Amino acid sequence: MSVLVYVENAEGKFKKSIFEAVSYAKAVANQLETNLVAISIGNVASSDLENLGKFGAEKVLNVTNDKLKTFVNQAYASVVAEAAKKESSTVVVLSNSFSGKGLAPRIGAKLEAAVADGAVDLPSTDGGKFIIKKTAFSNKAFAFVEMNSAIKVISLTPNSYKIEEVVGSANVEEFTSDIKDSDFKAIIKEIVRATDKVSLPDAELVVSAGRGLKGPENWGMIEELADLLGAATACSKPVSDADWRPHSEHVGQTGIAISPNLYIAIGISGAIQHLAGVSSSKVIVVINKDPEAPFFKVADYGIVGDAFEVVPKMIAAVKSLKANA
Amino acid sequence: MMKILVCISNVPDTTTKITFTNENTQFNTAGVQFVLNPYDEIALSRAIELTENGNGTVTVINVGEISTEPTIRKALAIGATDAVRINAAPHDAYYVAQQIAAYAKDQSFDLILTGRESIDYNGAKVAAMLGELLDIPSVSIIKKLDVDGNAATVEREIEGGKEVITIPFPFVAGTAEGVAEWKIPNMRGIMSARTKPLAVVEPVEVKTLSDVVKFETPTPRGTVKLVDAADPEKLIELLHSEAKVF
C-alpha cells in the first residue's frame, strides 16, 4: 500500500501548490498509516527531487524519458497509472492545476477510481469511509463526496492546504515505463508563458477591477498596486467581455474560481456570479463608490469611495510600508 | 463532412441561490430555473460555426431524466442537428462519461466537445474521462479551436499563458470562453427545434464509484469593517498588521 503524489513541474521547477499537494498527500498517508511516494515527469534537478523529502515524500520516482519532456495528458496518465499499480497505491494526489484537470480524470478512468476534484480538506476516514470535501455550485457550496472505489484520485485546490515541513530527504529512483505511440497524438506546437507575472490561479494576493474603472486605459494603477504587492490581476465578466482585459483574468461563475489569501475588488458591484468565483478568498476587500454594492455584504474590509482617488493613496501607502519595512 | 458530438448538461441558472433540503443531503430545486450549462453553450456555438454551410452535423447528447428535455430543445433551437438523451440521472462524472462513451464508440464522431465544466459540480472531468474510455486524445480547457482537414489546432489554458496544440481527429475537448460567442436562437430555430429528432436511449450498467453524501454552505463572513475614503493608509495598515496578508 502507498499514497502516490504526482509532482507537476513548470519549466523544471516546483511551484508552491506542489509542496501543498505533497504535504496534503503526506497527511493522507499518515491517516492511512502508509508511505508517501512522489512521481515526477520531465527534467527536474535531483536536488529539487530530494528536497521533496522535506514535505514528507519518502521516495521519488523520476521519469526522464525524452518523449515525456513536455506535458501530454494521455501519456502522463499512462505513466502515473502504471506507477500507482506498481506501488500498490490506494490514493493518488495531484494539484488541481490546468494540467491536473486534464490528467486526474484520465488516471481515474484507467484505474476505475473515483476522482475528487478540487478537494479543500483532508478526507474523513471515520467508520472505514472515505469522504472528501470539495467546492460545488461554483463556490456557492461544498459537497462531501464519498469515494467507494478501491483506488481514489484526489486533486487538491491550490492555496487550500498549509505546507508542513518535516525532517527528511527523499530517495530518488529512476522510473521507466512502456509508453505507446498512440498516447502522443496531441502535439504541442508552442508554449506561451508570461514568466514575469504572477499567474492568477496560483496567486496568494489578487487585485481585481470592474466596470467602475470606466475603460482599459485606467488599468495602470491596478497593475501598479498588484506589482507592488506581488499580486496577480483579475477582472469581472463585463470587463473581459468588452475586451478591456483578457478572458484569462475573468474570475466568476463562468470564468475561473480562485481562493487567494487576499482579494481586492475595485469598482466591482459583486453580482452573484462574480461572488461565486471569489467567495472562498480568505480576506476580501471592496472599494466601491456605491455604499449599496452587494459586494460589501461579503467583504471583510471596505472603503466607500471613488477608486480614482482611493487606489493612488493605497499605492502610496504600500510604498511607504515597504520603505519602512 | 464533419461529425460533431456536443455533450450538454442541465444546470441551475447562474443567478440561483443555492440551498439544500433533507438535512443538507439534497439540492433544493424548488423555484430553480434550469438552463443549458453556459460552457456547453460555447461548445455548441463553435460546433455550429464549424459545420455551417452544410459542412457537417452536430448531435447533442445529455444524460438526464425527462425533465431535461426543455434544455435539449434549447440546444436544438440554437442549431444542433439532432439530439440524444440517455434516460438516467447523471450520478457522477464517471457514470456520465461511461454512458456517453457507450453511445459514441460506434458512431465515428470526428470531434466530441463538452463545456470546460458544469456550473453545478464544477468537476471538469467528463472530457478527459471520455477521452480515456474511448482511447483518444483529450484537452480539458481550451480557449480556441480551429479545424483544418482532419485535424484541429487548439489553445489550452495553462497558468499564466497558453499552449498551442495540434490534434488529429477524433478527440475530445472541453471548451472555455474565447472558443465562440454565445448564440441566441432565432424564431426559425425555435420552430424547427420542435420537430428535430430527439432519441431516447436507455443507460448501460455502470459501477458506482462515488456518492455525494452531504452539502454545506459557506459560513457567512462577519460584518464588513469600513475604512474612511480619506484614509486608505488605514486600510493598508489593517491588511498588514491585523489581517496579516502581506
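**Exercise 1. Determine how many residues each chain brings to the contact between chain A and chain B, and how much area is buried**.

Step 1. Contact is taken as heavy atoms within 4.5 Å. On this criterion, chain A contributes 88 residues and chain B contributes 80 residues.

Step 2. Buried area is the accessible area (1.4 Å probe) that two parts lose on being put together, summed over both. For chain A and chain B this comes to about 7200 Å², with carbon and sulfur atoms giving 59%.

Step 3. F98(A), F137(A) and Y301(A) supply 12% of the area that chain A buries against chain B, more than any other three residues.

The model is predicted: local features need pLDDT of at least 70, side-chain atom pairs count only at pLDDT 80 or more, and totals for chains, interfaces and linings use all residues. Residues are numbered from 1 along each chain as its sequence is written, chains are lettered from A in the order in which they are written, and side-chain values use heavy atoms, without hydrogens and water.

**Exercise 2. State how many salt bridges are counted between chain A and chain B, and give one of them**.

Step 1. The criterion is a side-chain nitrogen of Lys or Arg within 4 Å of a carboxyl oxygen of Asp or Glu. The count is seven.

Step 2. One of the salt bridges joins D300(A) and R221(B), at 2.8 Å from N to O.

**Exercise 3. Identify the strands that pair across the two chains**.

Step 1. Strands are DSSP runs (E, at least two residues), numbered from the N terminus, and two of them pair if DSSP finds at least two bridges between them.

Step 2. Strand β7 (residues 141-147) of chain A runs antiparallel to strand β14 (residues 210-216) of chain B, joined by six bridges.

Step 3. V212(B), in β14(B), stands opposite V145(A).

Technical notes
Helices (H or I, at least four residues) and strands (E, at least two) are DSSP runs, numbered from the N terminus.
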